[in-house]
Structures are given as structure tokens and as C-alpha cells.
Amino acid sequence: MIQVSPRALVEYGSSSPEALASWLTWRKFFYDLDNRSAQETGYLFEPILAAAIGGEPKSARDKVVRRTNDNSKGRQVDCWKVTPEGHSFAYEFKLRVTIAASGQGRFAEELSFAEDCETSGATPILIVLDPTMNHRLVDLQAAYEARGGSAFLGAKAWEHLEEQAGSTMSRFIEKYVRQPVAEVSSYEADQERKAKPSHENLLPLLASYENNELILKLGSHERRILRAEDKSLGQDEEDDEGN
């Protein structure tokens, strides 16, 4: 509660303190679930795609790509692939590129990746699975192409990955990465064919919390998620040391 109670300032008075406290906590539960899911998805699909196309992830410590403005520092690379002829490719994998304001510094860091690849002797390749265009994606695509690289978006991205993977591993990508995404995405397309926005036809949601389990019922479907609070994580170091 110490994390969410300050947020009551925005909504205080709209309901009783008891109801507001419960609402803020539920909202935090859902945020935690969604945020961790997004993180874990990145940890999962990037190594899968890298291995499937014959490359491997590289950390900044490996320094396969060095920073142009400080050659002593490296860049993290989602997939580093070297051909039998010795040509190096540095891949950047993205589910999508949004216009969300994550800060100019962060986006400048993304733009500079292509330049750092070029000065390190590697060809930068941008893979974006969601082809929805916006000005940031346009700028990012232009940055890669200006440095001798390429950007593959949407269907072109899948085609490039499957071409690089070969006949066997392309089936792996299709079954374990592309198909799950496509099947869930088709829900929206089905609703659009019915001339009804997908968000207006959601399954009814019932949520409850019992015995360290978050219980979610979506229509006739039920999900149970273990969630136990670790009290020690909410203590300051001074408290742990007895100060």
C-alpha cells in the first residue's frame, strides 16, 4: 500500500477510502502482470529469433559493436551474426516502435545504434514485427538505411527471418513465434469484420484474491496466478540493520 497510497490524491472523494484502497491495489496488480509479461516476452522471443537465424545475443561487455563517441564501451546486440565470408550483421529486434515519450535521450540512443554498427564494421538490421507506422519508426528506418543497413517491418520482417533461418528453423519460427501472435491478433480482425470494435466485445472479467492466489475469470475461462507478498522487500536497509 505504501507504493500506491499517494495515488489516492487524484481520486480521493470519488468513493470511500476502503473502496479506493482496493481499487488502487487491483490496478497495481494488473499493471505488475502486464509489465512483467512485456519484459518476459522480450527475454523469450529475442534469443529464439537470434538462434533460429544462426546468430546469438551479445552483451555490451562483448564489445562486438563499440560506441562511436567512446570506443572503450560496447553496445548490447539482440543478434550478432557472422557469415562464412566474414560479413557481420547486428540485428535489433522490436515487437513495435511507439511514439510514447520515453525521452529524447532514449530514442537518440536507438538512433545511434546504426551509426555505432557502421563504425564497428557491421551491417545494422532492424526487425519490427508490428508494421504500424509513426514518425519515430520512419526516423529509425531512415537511420538504419543511411548507415548501409536495412529495416524490415511486419510481413517483410517475418519473410526475412524465415529466409535467414532456412527451411527447418523457419518452421520453428512459424510455429512457436509467429502463429501464437497471429492467432491472438486475429481476434481483432474478426471483430472488425462484424463491424464491432474488439474492445466492445470483451469477455466479462471477474477478479478475486484468495490464499495468495489472484483468480481471474474471463467468461467461462479461469486463470490462477500465485502472488505472495514478501514483507522484507518493503523494508529499508536501515531497518534491516536495526538502525
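**Two sheets and the helices packed on them**

Strands β9 and β10 run antiparallel and are joined by six bridges. Helices (H or I, at least four residues) and strands (E, at least two) are DSSP runs, numbered from the N terminus, and two strands are taken to pair if DSSP finds at least two bridges between them. The model is predicted, so local features need pLDDT of at least 70 and side-chain atom pairs count only at pLDDT 80 or more, whereas totals for chains, interfaces and linings use all residues. Residues are numbered from 1 along each chain as its sequence is written, and side-chain values use heavy atoms, with hydrogens and water left out.

Within the pair β9 and β10, Ile-215 has Arg-224 of β10 as its bridge partner. The two strands form a hairpin with two residues between them, and Gly-219 in the turn has a positive phi of about 60 degrees. On the other side, β9 (residues 213–218) runs antiparallel to β8, to which six bridges join it. Here Tyr-209 stands opposite Leu-214 of β9, and Leu-205 has Leu-218 of β9 as its bridge partner. The hairpin of β8 and β9 also has two residues between the strands, and Asn-211 takes a positive phi near 50 degrees.

Together these strands make an open sheet of three, in the order β8-β9-β10, with antiparallel pairing. Because β8 (205–210) and β10 (221–226) stand at the edges with a single partner strand each, one side of each is left without a neighbour in the sheet. Neighbouring strands of this sheet are turned by 15 degrees against each other on average, direction ignored. Angles run from 0 to 180 degrees between N-to-C directions, and axes are lines fitted to C-alpha atoms, for helices over the stretch in contact.

Helix α2 (residues 17–52) lies across β8, β9 and β10 and runs at about 100 degrees to β8; contact means heavy atoms within 4.5 Å. Phe-30, Leu-33, Leu-203, Leu-205 and Leu-218 make a nonpolar surface patch of about 410 Å². Patches are made of residues with over 30% relative accessible area and no salt bridge, like charges being joined within 9 Å and nonpolar side chains (Val, Leu, Ile, Met, Phe, Trp, Tyr) within 5 Å. Accessible areas come from the Shrake-Rupley method with a 1.4 Å probe, and for residues only the protein chains shown count as cover. Of the patch residues, Leu-203 is found in the loop between α5 (155–193) and β8.

Helix α2 also holds Asp-32 and Lys-28, which are four residues apart and therefore separated by about one helical turn. Their side chains meet in a salt bridge (2.8 Å, N to O), defined as a side-chain nitrogen of Lys or Arg within 4 Å of a carboxyl oxygen of Asp or Glu. The structure holds 17 salt bridges.

A further open sheet consists of five strands in the order β1-β4-β5-β6-β7, with mixed pairing. Its edge strands, β1 (56–58) and β7 (150–153), each pair on one side only. The twist averages 30 degrees from one strand to the next. Strands β5 (residues 88–94) and β6 (residues 122–128) pair in the parallel sense over seven bridges, and Phe-93 has Ile-127 of β6 as its bridge partner. Helix α2 packs on this sheet, touching β1, β4 (77–82) and β5, and its direction makes about 150 degrees with that of β5. Helix α5 packs on the sheet by touching β4, β5, β6 and β7, and its direction makes about 110 degrees with that of β7.

The two helices α2 and α5 pack at an angle of about 145 degrees, with their axes 8 Å apart. Ile-48, Leu-49 and Ala-52 of α2 make the contact with Leu-161, Ala-165, Met-169, Phe-172, Ile-173 and Val-177 of α5.
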